[in-house]
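Biologist: Hi, could you walk me through this model? I'll ask things as they come to mind.

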Amino acid sequence: MSAKGWIHLPRKEGMTSRQAHADLPAGSYEREIGRDGFFGPASHVYHAHPPTGWTSFEGPMRPRAFNAVAATHEGTGPFNATPLLSNAAMKLRIWSVDRPMRDLTRNADGDELLFVHQGAGDLFCDFGHMPFSEGDYILMPRGTMWRLEPSQRTVTLLIEATNSAFKLPERGILGPHAIFDPAALETPALDDAFKAQQGERETRVVVKRRDALSIITYPFNPLDAIGWKGEIAALKLNWRDIRPVMSHRYHLPPSVHATFVADRFVVCTFVPRPIESDPGALKVPFFHSNDDFDEVIFYHAGDFFSRDNIKPGMVTFHPSGFTHGPHPKAFAAGAQHVRSSTDEVAVMIDARDALDMSEAACVQEVTSYADSWKSP
Ligand SMILES: [Fe+2]
């Protein structure tokens, strides 16, 4: 597999716009057919009907939505939560904890990215102490020992980069300080709170390796660092520190919101931003067939401007294989430029390999989701 060698074939047939996502031929619906996420070759087809104007789906492939927070695993161990969506490269879990974790935990299968949907408290890990609150991403390098002491019930989304590591995306022509300044990444401190939790009490470390849990017991608390140095550490980034990229004249693809990348998937964050103001620019996401990726969005807060009836705590899952795009009401509101800004906060995962949806997610499924694009 190589990023090079694509057949470069820019051709035009019939009526098209001059610029993707702007000034579409009158009454047409633009669909982007793209490879390699939003980075590879693409074509735009101008349709007479909305590409989401289906009347039914039959068979196993369909747009799916489920109430993730209703599938939350409650307990002091994050890795007792069953994955809701998974493949060989990624696992998505949701977990809640309302009391201090008794044991330390460690994911030996890959880096773990926590996104705090609700709650606040303190994190203790190999690298020290770090307070956390709603809207934080906490990146736990593979093998880090950690535990949480929540000060209130805390619900987190857990994203495992199986056998891989989270990195920052290429920032290219945007420069190194978009979409957040790397200096905004916070790391734990060896502070008084960290020292206060040290001691000679027996401590268990629950290790997840090859998806099975093992326990290592120490006669002392192994979070006993007196110092550390280097380039690996737990990190924290709140969505409020993300400065989204946008163009007033052109709807940028979701990949510009890439926050962390792993080998076979990318994590993007949708945060509040102005809506395009150019009269001819699309004001909602363009219809697209992202044919190489399965797309997952976890809705954290706000009003989801391209979707109807999606509430915070829900997940939508669009496997590749069909075109998706804004719901009819959102599309109409966009065409009339009803809103000038979005207030949504969401975490998107684009996975290069097909994802499986578990039974735990299926029982919370909104089975009518595929019908939600039907015009009222
Ligand atoms: Fe999409």
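Biologist: What kinds of residues line the largest pocket, by nonpolar, polar and charged?

Modeller: This is a predicted model. In it, the lining of the largest pocket has 19 nonpolar, 4 polar and 10 charged residues.

Biologist: How much space lies in that largest pocket, and which residues lie nearest its centre?

Modeller: The largest pocket holds about 960 Å³ of space. Its lining comes to 33 residues, and those nearest the centre are Asp36, Phe39, Val261, Val266 and Phe293.

Biologist: Which elements give two or more residues to that lining?

Modeller: Those are strand 17 (258-261), strand 18 (265-270) and strand 24. Strand 18 gives the most, with 3 residues.

Biologist: What is found in the loop between strand 17 and strand 18?

Modeller: Aspartate 263 is found in that loop.

Biologist: Why does aspartate 263 count as exposed?

Modeller: Aspartate 263 counts as exposed because its relative accessibility is 54%, and the cut-off for exposed is over 50%. Aspartate 263 also has a partner from elsewhere in the chain to look at: serine 164 is 99 residues apart from it in sequence, yet the C-alpha atoms are 6.2 Å apart in space.

Biologist: Nice. Now the metal: which protein donors does the iron ion have?

Modeller: The donors are the NE2 atoms of His288 and His324, plus two OE atoms of Glu295. They lie 1.8 to 2.7 Å from the iron ion.

Biologist: How are the donor residues spaced in sequence?

Modeller: The spacing is H-x6-E-x28-H.

Biologist: And what is the geometry of the iron site with its 4 donor atoms?

Modeller: The site is irregular, with angles of 53 to 143° among the 4 donor atoms. For four donors, tetrahedral would need all angles between 85 and 135 degrees.

Biologist: Are histidine 288 and glutamate 295 buried or exposed?

Modeller: Both histidine 288 and glutamate 295 are buried.

Biologist: Let's move to closed spaces. How many cavities of 30 Å³ or more does the structure hold?

Modeller: There are 2 cavities of that size. The largest cavity has a volume of about 410 Å³. Its lining has 30 residues, and the closest to the centre are His251, Pro254, Phe270, Pro285 and Ser306.

Biologist: Which strands each supply at least two residues of that lining?

Modeller: Strand 21 (294-301), strand 22 (314-318) and strand 24 (345-351) do. Strand 21 gives the most, at 3 residues.

Biologist: How do the lining residues of the largest cavity divide?

Modeller: The lining of the largest cavity has 15 nonpolar, 10 polar and 5 charged residues.

Biologist: And what about the second largest cavity: how much space lies in it, and which residues line it?

Modeller: The second largest cavity has about 30 Å³ of space. It is lined by Ser289, Asn290, Phe293, His318, Pro319, Ser320, Gly321, Phe322 and His324. Of these, 3 are nonpolar, 6 are polar and no residue is charged. You met His324 above as an iron donor, and Phe293 among the residues nearest the centre of the largest pocket.

Biologist: Switching to strands. How covered is strand 14?

Modeller: Strand 14 (residues 203-209) is mostly covered, with 5 of its 7 residues buried.

Biologist: Which strands does strand 14 pair with, and in what sense?

Modeller: Strand 14 pairs with strand 7 (residues 104-107) in the parallel sense over 4 bridges. There, leucine 104 stands opposite valine 205. Strand 14 also pairs with strand 15 (residues 212-218), in the antiparallel sense over 7 bridges. In that pairing, arginine 204 stands opposite threonine 217.

Biologist: What about the hairpin of strand 14 and strand 15: which residue there takes a positive phi?

Modeller: That is arginine 210, with phi near 50°. This hairpin has 2 residues between the strands.

Biologist: And how do strand 9 and strand 10 pair?

Modeller: Strand 9 (residues 120-125) and strand 10 (residues 128-133) pair in the antiparallel sense over 6 bridges. They form a hairpin with 2 residues between them, and glycine 121 has phenylalanine 132 as its bridge partner.

Biologist: Last one: where is proline 274 found?

Modeller: Proline 274 is found in strand 19 (residues 273-274). Its relative accessibility is 42%, so proline 274 counts as partly exposed. Serine 247 is 27 residues apart from proline 274 along the chain, and their C-alpha atoms are separated by 9.1 Å.

Notes
Residues are numbered from 1 along each chain as its sequence is written. This is a predicted model: local features need pLDDT of at least 70, side-chain atom pairs count only at pLDDT 80 or more; totals for chains, interfaces and linings use all residues. Side-chain values use heavy atoms; hydrogens and water are left out. On a 1 Å grid over the protein atoms alone, a cavity is a set of points where a 1.4 Å probe fits but cannot get out, and a pocket is an open set with protein on both sides within 12 Å along at least five of seven lines; lining residues have an atom within 4 Å of a point. Grid points are joined across faces, edges and corners, and a volume is the space filled by probe spheres set on the points. Ala, Val, Leu, Ile, Met, Phe, Trp, Tyr, Cys and Pro count as nonpolar, Asp, Glu, Lys and Arg as charged, and the others, Gly among them, as polar. Donors are N, O and S atoms within 2.8 Å of the metal (3.2 Å for Na, K and Ca); water is not among the atoms, so sites may look incomplete. Four donors count as tetrahedral if all angles lie between 85 and 135 degrees; four count as square planar and six as octahedral if opposite donors are over 155 degrees apart and all others between 65 and 115; anything else is irregular. Buried means under 20% relative accessible area, exposed over 50%, partly exposed in between (1.4 Å probe, protein chains only). Two strands pair if DSSP finds at least two bridges between them.
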